[in-house]
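Me: I'm a first-year student, and I'd like a close look at the sheet in this model and the helices that go with it. Could you walk me through that part step by step?

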Amino acid sequence: MQDVLFVAAMGPPGGGRAPITQRYQRHFNMLSIVEFDAKALEHIFGTILGWFYRVNNFPEEVCALKKKIIDATLQVYTSSIAKLLPTPAKSHYTFNLRDVSRVIEGLTLQKAEGLETGLGGIGEHYRLWVHETMRVFYDRLVDDDDRTWILGYIKELTISNFDQDFDKLFDHLDFDNSGDVDAEELRHCMFGDYMGDDEPDSQGGNRLYDEITDMSEVVHRLEEYLVDHNGVSKSPMNLAMFLYAAEHVSRICRVLKQPGAHMLCVGVGGSGRQSLSRLASFIMGMECFQIAISKSYTTVEWKEDLKKFCREAGGSGKPCVFLFSDTQIKEESYVEDINNLLNSGEVPNLFPYDERTAVMEQCRVASKKEGNPLETPTELWQYFIEKCRANLHVILCFSPIGEAFRERLRQFPSLVNCCTIDWFREWPNDALEAVANKQLQDVDVPADDRVKLREMCKTFHSSVRELSADYLLKEGRHNYVTPTSYLELLTMFTSLLAKQRERVSSAKKRYEIGLEKLAFTAAAVKEMQDELTALKPNLIRTVAETEELMEKVKKEKAEVVEPKKAIVDEEVAAAAAKGEAAGEVKAECEALLAEAIPALNAALEALDTIKPADIKLVQSFKNPPAAIKLVMEAVCVCLDVKPAKIPDPAGTGRKIDDYWGPSKLLLGQPTFVQSLKEYDKDNIPERIIEKIREKYIANEDFTPANAAKASSAAEGLCRWVCAMDSYEKVAKIVGPKKEALAAAEAEYNSIMDALKVKQDELDAILAALAGMEQQLEDSMAEKKRLEDEVELCTIKLERAETLINGLGGERDRWTVSASDLGVAYDNLTGDMLISAGMISYLGTFTMAFREGIANDWVKACKDAGIPSSAKYSLINCLGDPVAIREWGIAGLPNDSFSVDNGIILANA
């Protein structure tokens, strides 16, 4: 290459930057740039701050503070570098000039008119400096010693540089009137622009960044924002708003208000990093992007997601937020891309040439609208990068647990250098209270008990934190007590309490229902005794009335009905005699047919029971049993099937008749069974029926019972052959009789017509008799009903007395059991709270640690007035004997520690 000069820039080796070799270095002229001295830094930042004061018309007394503010900020910066040294546990304790610029940039968020609102005055500007300094340097600190030191140092600087008493400056935060504003009270020191109703800056508004003094109003305002967010979001958040949440939302909003600012939220799971970041993005009117990790998510999808929000920020010029969690890191290259995005505003080679052209065209239109038309590719691409840096805010949510966090900070220094760090500490007391209030508000307990439960949940959380420290000291094993565990405690408690209350109340209700039934039975006995006493006079009266009616009916029947009936009966008898003569002929024919018809029907029904599988089975025999062979021979004869001629197996040299071959062919026909049903039984040839009777019917082995032993199909076929024989015998006799039957029926019908006239006359007489008999029957039924009622009442009375006498002893036991269950129901509140604590917190600990803290919790519940069992056992509270037995069969040891672990897993 000719006429090309290479100009390269790099930082000193370390912090993820590798050293270069002498062989590579010899091609360059080296120019080392030393760090700026104090005067240079004062000049740089003083010029920036002075210009800001001048342009925004701040009063002279504020402008005069420029040098003091710069000096104080640089002193905090240099002292932090000297005092707050990085260690393996504090690898993010690295400071650079970006931290100073963040403090100055935070001061520039205030407007001159902001000095006239709130507490107002120049003191508000001092408090703003303290606030911004704490947001940059204080919020990243991880232990109380470091926080105490830097807070004390800031107090010294307010006196030495500003001639202001720190405690008087924040006198409105001295809630305990001790004259000393401590770190807890400084949590109420907030600045923000979200308290009003104006549009956010990202949507063209111009909110006032001002001091916030009413914390209850802050929480209420954030709750309103949360409701608005849930109303429009596809993923609503169920959050409890309290001061801790307000602090972090305010810190995130402060970063999002600054162009090109990014945030690193460090905390354990469940501390609210992602939820509060999404809420802050909504408050600032910015769209929040977050990738959706799946098994199929690869670097290709990662690059497409990066392009998406880079186009939104750089091409469309819309401020937006990219929210990224360490749980979404499938490959470390993701963090490298974010490192580049934080440091330079772009990811190298992210856009291929064709997409890059489209992005530059989008930037050309945007720059023209701004009145600064750009044409060259270099200018357009630089415009895109600048817009990305200004509009894209990256919020990283990392967990400090494990080596991965420290390793990533070492490999990718921009995660610290380019981000404002917000260390999410363990939840303070007010956070625990607020979350508990929200989770317990629907628990069915008295208001006083709800307060006790809230305090007890806080006690559990703090006691497990102390137990974890003891556990680490004695066992050398870490147990992290996270907000997720606290949320799990509250959720598990409400769930277990509802479930166990349902179980206990159901058991108690069964006993109470039993006692109610006993009481009801005793009352029913008395009622039945009264009923029996009332029924006896009615029964006596009804019996007398019935006997009187019976005599009346008997007399009427003898004097009126019987004589008339005798006359009609004589005429009916004469007609019946003639009918009987004709009926005898008919009966004789039917009797002869009745002998054969049932056998024929039985044979046809037997054919219906023959299944194709049965036929195939018979057909499959190569050498069938003799019974089957005999039956099939008879069927072939009936159907006039010719036998096959085969050599005599006896060796005589002659050929004999064999019906098995034709039988198999016959069985193979699909209509075989149907042809038997449709067989012309009325016209069987004489030679066939004679052969059937001589050779088969006369054979003692030819019986359905004998055939059934060989095959069910053979039984049905045998029955059919026998039926054909029986029917043929009867048919010969019945033929002549049928002709006589026709003549007899004609004569019989003539006689019956005459008989019907006589019977009609008799029916009229009998109808009159029936009315009288019905009256008698009703009277007899009433008598029977009363007798049955008396008998039933007597039986019920005897049974009820037997039941009461038999369950007399059970009544006492049921009463005691119901009372015990009532006590157990009351104790469920404490027992389920302790059980939820063990499931949520104590899975990691050994048995000795579990028993110790469980005893402490039982004592604490008693002291707090929360009802619980005198001696707590997880097995007694949540153990299911059937399930525990199944676990033992599956191989779980039967010691209490293993069973407790099983219960914890089953309910987790």
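Reply: Let's begin with one term: two strands pair if DSSP finds at least two bridges between them. Keep in mind that this is a predicted model.

Now to the strands. Strand β5 covers residues 320–325 and strand β6 covers residues 392–398; the two run parallel and are joined by 6 bridges. If you want a place to start looking, find C320, which stands opposite L392 in β6.

From that pair you can step out to the whole sheet. Five strands make it up, in the order β4-β5-β6-β3-β7, with parallel pairing, and the sheet is open. What happens at its edges? There you find β4 (287–289) and β7 (420–423), each with a single partner strand, so one side of each has no neighbour in the sheet. On average, neighbouring strands are turned by 20° against each other, if you ignore direction.

Next, add a helix to your picture. Helix α11, made of residues 243–257, lies across β3 (263–266), β5, β6 and β7. Against β7, helix α11 runs at about 170°.

Now for helices that pack on other helices. Two packed helices are described by the angle between their axes and the distance between the axes. Take helix α15 (residues 353–369) and helix α16 (residues 377–391): their angle is about 80°, and their axes are 9 Å apart. That angle makes α15 roughly perpendicular to α16. On the α15 side, the contact is made by R356, V359, M360, C363, R364, A366 and S367, while α16 brings P377, L380, W381, Y383 and F384. Sorted by class, this contact has 9 nonpolar, 1 polar and 2 charged residues.

A second pair is worth a look too. Helix α10 (residues 215–232) packs with helix α12 (residues 273–283) at an angle of about 90°, and their axes are 10 Å apart. This makes α10 roughly perpendicular to α12. Which residues meet here? From α10 come L222, Y225, L226, D228, H229 and V232, and from α12 come L279, F282 and I283. By class, the contact of α10 with α12 has 7 nonpolar, 1 polar and 1 charged residues.

One last stop is a stretch named in a record. An unreviewed UniProt entry lists residues 161–196 as "domain: EF-hand". In the model, this span is 22% helix and 8% strand, and its end C-alpha atoms lie 34 Å apart.

Definitions and conventions
Residues are numbered from 1 along each chain as its sequence is written. This is a predicted model: local features need pLDDT of at least 70, side-chain atom pairs count only at pLDDT 80 or more; totals for chains, interfaces and linings use all residues. Side-chain values use heavy atoms; hydrogens and water are left out. Axes are lines fitted to C-alpha atoms, for helices over the stretch in contact, and angles run from 0 to 180 degrees between N-to-C directions. Helices (H or I, at least four residues) and strands (E, at least two) are DSSP runs, numbered from the N terminus. Angles under 35 degrees count as roughly parallel, over 145 as roughly antiparallel, 65 to 115 as roughly perpendicular and the rest as oblique. Contact means heavy atoms within 4.5 Å. Ala, Val, Leu, Ile, Met, Phe, Trp, Tyr, Cys and Pro count as nonpolar, Asp, Glu, Lys and Arg as charged, and the others, Gly among them, as polar. UniProt positions are given in the numbering used here, feature names are shortened, and annotations may be inferred rather than shown by experiment.
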